Amino acid sequence: MDWERHLPRWPLAGLSRQVTVAPHRWHVQECSEGETLLLIHGAGASTHSWRDMIPLLAVGHHVVALDLPGQGFTRVGARGRYGLEETAEDLETLCIDRGWSPVALVGHSAGAAVALRLADRLSGRIGQTPKVVGINPALSQFEGPAGRLYPLFARVLAATPLAAAFFSFGNGNIAKARSLIGNTGSQLNDEGLELYARLISDRDHVDGTLKMMAHWSLDRLLSDLPDLAVDCLFITGAQDRAVPPDAIEDLAGRMQSARVVRLPRLGHLLHEEQPERTARLVLDFVDGARAQDASAREGS
């Protein structure tokens, strides 16, 4: 998206800045002081998806939200840096460069996979392993023929110069945005729909999303999950049509430390549908656990 044209009307634009840390020029929204919470959006979204949660989380915390490579306002500086492993590596570089030592990573959908991989990478760099909150975490592979055809289809689209233009849906297409969001099981207000309409109308953003899909692979992460020493909370929406909640329950059962909270009547974008409730779950998980740790240390 064009920085000069679109940023003035973007949520929390006053918190936005561009940070160049090789290989990308990142769009970052940063506010407040305290222990750091890093927010990572899902595929096809941007920092806008945290617009109502950031002020809530920022009470007592340093909050950082960013756009993933090629999406929103973040500009990719190197080809082939769209995949899960590459994205986590580049985010690690960004965190070290900026001096961020997050106590928790909050990721939505594909952003939760990034958060898990990033937490593991940061554990040896910042002296602690960040906790991970996954909101409807997209951690399942496609099964059968779809598992082979979907990545191939995405790679073909990403390599086609006109693909982004074909898949972007005209300027401000609210009806298309409503249909896309509805298919995830969520219902957003007019502001939320208008923001997604602007994203899906932007050729650069759509191109970045297609390239992320083309390079995406969960194989290594899923292989490593049982051995990851990461404290996790997964928040799922019972009406999510994009990520089956039951699959997340099964996956959490195979991890060392993961629990699941399922929220009724909410879909894939539950953090935009009920930001107050979601923020409270995040803060209770992060601050409550840390308070217990501090109490245990004082009593020892």
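Where is the place of Ser-46? In this predicted model, Ser-46 is found in the loop that runs between strand S3 (35-40) and helix H2 (54-57).

**View 1. The surroundings of Ser-46.** Ser-46 counts as buried because its relative accessible area is 0%, under the 20% cut-off. The side chain of Ser-46 makes a polar contact of 2.7 Å with the side chain of His-48. When the neighbours within four places in sequence are left aside, the residues in contact with Ser-46 are Trp-10, His-41, Asp-67, Gly-72 and Leu-199.

**View 2. The open sheet and its edges.** The sheet is open and mixed in its pairing, being formed by 8 strands in the order S1-S2-S4-S3-S5-S6-S7-S8. Strand S1 (16-21) and strand S8 (258-263) are the edge strands, each of which pairs on one side only. From one strand to the next, the twist averages 25 degrees.

**View 3. The pairing of S1 with S2.** Strand S2 (residues 24-31) and S1 pair in the antiparallel sense, with 6 bridges between the two strands. Gln-18 has His-27, in S2, as its bridge partner.

**View 4. Helices H3 and H4 against the strands.** Helix H3 (residues 84-98) lies across S1, S2, S3 and strand S4 (61-66), and the direction of H3 is at about 105 degrees to S1. Helix H4 (residues 110-122) also packs on the sheet, where H4 touches S3, strand S5 (104-108), strand S6 (131-135) and strand S7 (232-237). The direction of H4 makes about 155 degrees with that of S5.

Terms used:
Residues are numbered from 1 along each chain as its sequence is written. This is a predicted model: local features need pLDDT of at least 70, side-chain atom pairs count only at pLDDT 80 or more; totals for chains, interfaces and linings use all residues. Side-chain values use heavy atoms; hydrogens and water are left out. Helices (H or I, at least four residues) and strands (E, at least two) are DSSP runs, numbered from the N terminus. Buried means under 20% relative accessible area, exposed over 50%, partly exposed in between (1.4 Å probe, protein chains only). A polar contact is a pair of N or O atoms within 3.5 Å; within protein, one must be able to donate a hydrogen and the other to accept it, and residues adjacent in sequence count only if both atoms are side-chain atoms. Contact means heavy atoms within 4.5 Å. Two strands pair if DSSP finds at least two bridges between them. Axes are lines fitted to C-alpha atoms, for helices over the stretch in contact, and angles run from 0 to 180 degrees between N-to-C directions.
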